[in-house]
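Q: I am new to this structure and would love a close look at a single part of it. Could you walk me through it slowly, with the surroundings filled in as you go?

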Amino acid sequence: MSYALIVIDVQNDFCPGGALAVAGGDEIVTGINTLMADAAAVILTQDWHPAGHSSFASSHKERAPYDMIDMDYGPQVLWPDHCIQGSTGAAFHKNLDTDRADMIVRKGFRPHVDSYSAFFENDHSTPTGLEGYLKTRNLTNLVMVGLATDFCVNFSAVDAAKLGFTVEVRTDLCRGIDLDGSMKAATDGMTAAGVTLT
């Protein structure tokens, strides 16, 4: 089966030592590189925030990282400052084979809306363009890997399934944050959406 490999946010800030480190985030890089060899296409997503982004706790007085607030588009977790455009933290992990990428999708660059999904901003309506790219290339089978399982991988997988793609998430090549039960919620949500977890 030919598939497009969607590699979600394997960036320094999500790896150990980064601003929003996911435990074991660097352990999946070698396996992801191996998976690229058999993929019909490789798409990398890159969290790419301007300084002072509205999803940063530092942009809100008297708020702390991981607080929840209501934005115009719905509930939003406030994060530590991370993946700021052009920073070392926003760069891909040094061992990730970026040369193999057909496309890099940058997300979260609009100052007033966060973006977890590779397909839509968090308002669930502003597209990233990835859907059109995949469909014009007739790539309907997607394999997703990366960081973090319960946020960007989860939202990307559910959106892809809703858009009619066949979606597999390789859980061995993802790592999660698990914020207040978010891992179980993500697993349940992906399964309910028809995503295959392997």
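In which loop is the place of Asp178?

A: Happy to help! This is a predicted model, and Asp178 sits in the loop between strand 7 and helix 4, the latter covering residues 182–192. The backbone does something worth a look here: phi of Asp178 is near 60°, a positive value in a residue other than glycine. Is Asp178 shut away? Its relative accessible area is 45%, and because buried means under 20% and exposed over 50%, Asp178 counts as partly exposed.

Let us step back to see where this loop belongs. The chain has 4 helices and 8 strands, and reading along the sequence gives the pattern β-α-β-β-β-β-α-β-α-β-α-β. The chain has a radius of gyration of 16 Å, close to the 16 Å that the globule rule gives for 198 residues, so it is as compact as a globular protein of that length. The C-alpha trace spans about 50 × 35 × 30 Å along its principal axes. Of the 198 residues, 50% are buried. Among contacts with a separation of 6 or more, 72% join residues 24 or more positions apart. On the outside, the chain exposes about 8,600 Å², and carbon and sulfur atoms supply 51% of that area. The chain carries 13 positive and 25 negative charges, and the mean positions of these two sets are 4 Å apart.

Now back to the loop, starting with the strand on one side of it. Strand 7 runs over residues 166–175, and Arg170 is one of its residues. Arg170 is partly exposed, with a relative accessibility of 23%. The side chain of Arg170 makes a polar contact with the side chain of Asp172, at 2.8 Å. Leaving aside neighbours within four places in sequence, Arg170 is in contact with Leu35, Val143, Met144, Val145 and Thr198. For a sense of scale, Arg170 and His93 are 77 residues apart in sequence, and their C-alpha atoms lie 19 Å apart in space.

Next comes helix 3, which spans residues 149–162 and includes Thr149. In helix 3, 12 of the 14 residues are buried, so this helix is largely enclosed by the rest of the structure. Among the buried ones are Phe151, Cys152, Val153, Asn154 and Ala157. What do they pack against? The buried residues of helix 3 pack against strand 1 (4–8), strand 4, strand 5, strand 6, strand 7 and helix 4. That list includes strand 7 and helix 4, the two elements on either side of the loop that holds Asp178.

Thr149 gives a residue-level view of this packing. Thr149 is buried, with a relative accessible area of 7%. Not counting residues up to four places away in sequence, Thr149 touches Asn154, Cys174, Arg175, Gly176, Met183, Ala186 and Met190. Of these partners, Met183 is one of those touched by Thr149, and its number falls in the range 182–192 given for helix 4.

The backbone on either side of helix 3 also has features to look for. Ala148 is placed in the loop between strand 6 (141–147) and helix 3. The peptide bond from Leu147 to Ala148 is cis, with omega near -10°. After helix 3 comes Gly164, whose phi is positive, near 100°.

For a second residue with positive phi, try Cys83, where phi is near 50° in a residue other than glycine. Cys83 lies in the loop between strand 4 (74–77) and strand 5 (103–107). Its setting can be set beside that of Asp178: Cys83 is buried, at 0% relative accessibility, whereas Asp178 is partly exposed.

The loop between strand 4 and strand 5 also holds Ala101. Ala101 has a relative accessible area of 21% and is partly exposed. Not counting residues up to four places away in sequence, Ala101 touches Val42 and Leu44. Ala101 and Asn12 are 89 residues apart in sequence and 18 Å apart in space, C-alpha to C-alpha.

To return to where we began, Asp178 is in the loop between strand 7 and helix 4, with its positive phi near 60°.

Conventions. Residues numbered from 1 in each chain as written. Predicted model: local features only at pLDDT ≥ 70, side-chain atom pairs only at ≥ 80, totals over all residues. Heavy atoms only, no water. Buried < 20%, exposed > 50% of the residue type's maximum accessible area, 1.4 Å probe, protein only. Contact = heavy atoms within 4.5 Å. Polar contact = N/O pair within 3.5 Å; in protein donor to acceptor, adjacent residues only side chain to side chain. Rg over C-alpha atoms; globule rule 2.2 N^0.38 Å. Areas by Shrake-Rupley, 256 points an atom, 1.4 Å probe, with all protein chains shown as cover. Lys, Arg positive; Asp, Glu negative; His and termini not counted. Charge placed at Lys NZ, Arg CZ, Asp CG, Glu CD.
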